[in-house]
Amino acid sequence: MSVGAPKPAPKEGRVDVDRVERLMIALLQTNGRMTTQALARELGVSEVTARRKLRRLLSEEVVQIVAAVDPFQVGFESPVIIGLKIDRSRIDEIAERLCQHPSIRFVAAATGKVDLIIEVVAASNHELAEFVLGYLASIGGIVDTETSLVLRIYKQTWNWGVRGVEEPPVGAPALVKRTGRGGRKPR
C-alpha cells in the first residue's frame, strides 16, 4: 500500500499537523502497511495515541492509504494526461464535475498554457475517444484540450517527503532517535 495525496476537492484551510503526525506520514510513505503498533513503536508514543493520530489524519484527508497500481499491468492500455483550457470563472464547477467521473484519477488547477490538468485511465483508445469526444465535449466551459498519451511509466511514486521532518541518512530508515534507556523520541 502507499500513502497518496488528499482527495482533490479544494479545502478551505490547512489542517494543523504536529511533529509526531509528520513523522507518522513519513513512515507511512515508506510503508503504508505499517500497523498502529509498529507506528507507535517507531514514534515512541502509545498505540492509542498512534491510532488516534492516524484516524485523524485519515478523516481530515491529510493522507489516504491505497494500493498503487501500474495501469498497464491491470488492463488499462490508454492512460493519458489531459490539459484543459477553460472558462476560468467556472473552474471550481468544472473541477467538481470532473472529480465525479470514475476514470479520472487526478484533477488539479495549474498555471501555464492550461487551467486544469487531469489524469485519465482508459482501457483502450476507443474508450479514450468516447471520453474526450463525448464526456469532455459535453461539459460547458471547456474551451480546448491537450491530450498526452502515456506510452510507458518510468517512475510512479507518492513519497513526496514531509516538510519539517529531517531526512534520514541513506540506509537509515528510522525517523526517530533512540534514547539511552531503550525509549525513543521523535527527532
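Which residues in α1 meet which residues in α2? In this predicted model, Val20, Leu23, Met24, Leu27 and Leu28 stand on the α1 side of the contact. On the α2 side are Leu39, Glu42 and Leu43.

Two packed helices are described by the angle between their axes and the distance between the axes. Helix α1 spans residues 19-30, and helix α2 spans residues 36-43. They pack at an angle of about 125°. Their axes lie 10 Å apart. That angle makes α1 oblique to α2, because it falls outside the ranges for roughly parallel, roughly perpendicular and roughly antiparallel. The crossing of α1 past α2 is right-handed.

Helix α1 also packs against α3. Here the angle is about 75°, and the axes are again 10 Å apart. Angles of 65 to 115 degrees count as roughly perpendicular, and α1 and α3 are therefore roughly perpendicular to each other. From α1, the contact draws on Val20, Glu21, Met24, Ile25 and Leu28. From α3, it draws on Ala50, Lys53, Leu54, Arg56 and Leu57. Val20, Met24 and Leu28 of α1 thus appear in the contact with α2 and in the contact with α3.

The remaining pairing described here is that of α2 with α3. These helices pack at about 110°, with 8 Å between their axes. They are therefore roughly perpendicular to each other. Thr36, Gln37, Leu39 and Ala40 of α2 make the contact with Glu47, Ala50, Arg51 and Leu54 of α3. Leu39 of α2 also meets α1. Ala50 and Leu54 of α3 likewise meet α1.

Charged pairs were examined next. The count comes to eight salt bridges. One of them joins aspartate 18 to lysine 53. The closest N and O atoms of this pair are 2.5 Å apart. The pair links distant parts of the chain, with the two positions 35 residues apart in numbering. Aspartate 18 lies in the loop between β1 (2-4) and α1. Lysine 53 belongs to helix α3, residues 47-59. Lys53 is also among the α3 residues that meet α1.

The surface carries a nonpolar patch. It is formed by Val69, Val74 and Phe76. Together these residues have about 220 Å² of accessible area. Valine 74 sits in the loop between β2 (64-66) and β3 (78-86).

Terms used:
Residues numbered from 1 in each chain as written. Predicted model: local features only at pLDDT ≥ 70, side-chain atom pairs only at ≥ 80, totals over all residues. Heavy atoms only, no water. Patch = residues over 30% accessible without salt bridge, like charges linked within 9 Å, V, L, I, M, F, W, Y side chains within 5 Å. Areas by Shrake-Rupley, 256 points an atom, 1.4 Å probe, with all protein chains shown as cover. Salt bridge = Lys/Arg side-chain N within 4 Å of Asp/Glu carboxyl O. Helix = DSSP H or I, 4+ residues; strand = E, 2+ residues; numbered from the N terminus. Axes fitted to C-alpha atoms, helices over the stretch in contact; angles between N-to-C directions. Parallel < 35°, antiparallel > 145°, perpendicular 65-115°, else oblique. Left-handed = near helix turned anticlockwise from the far one by under 90°. Contact = heavy atoms within 4.5 Å.
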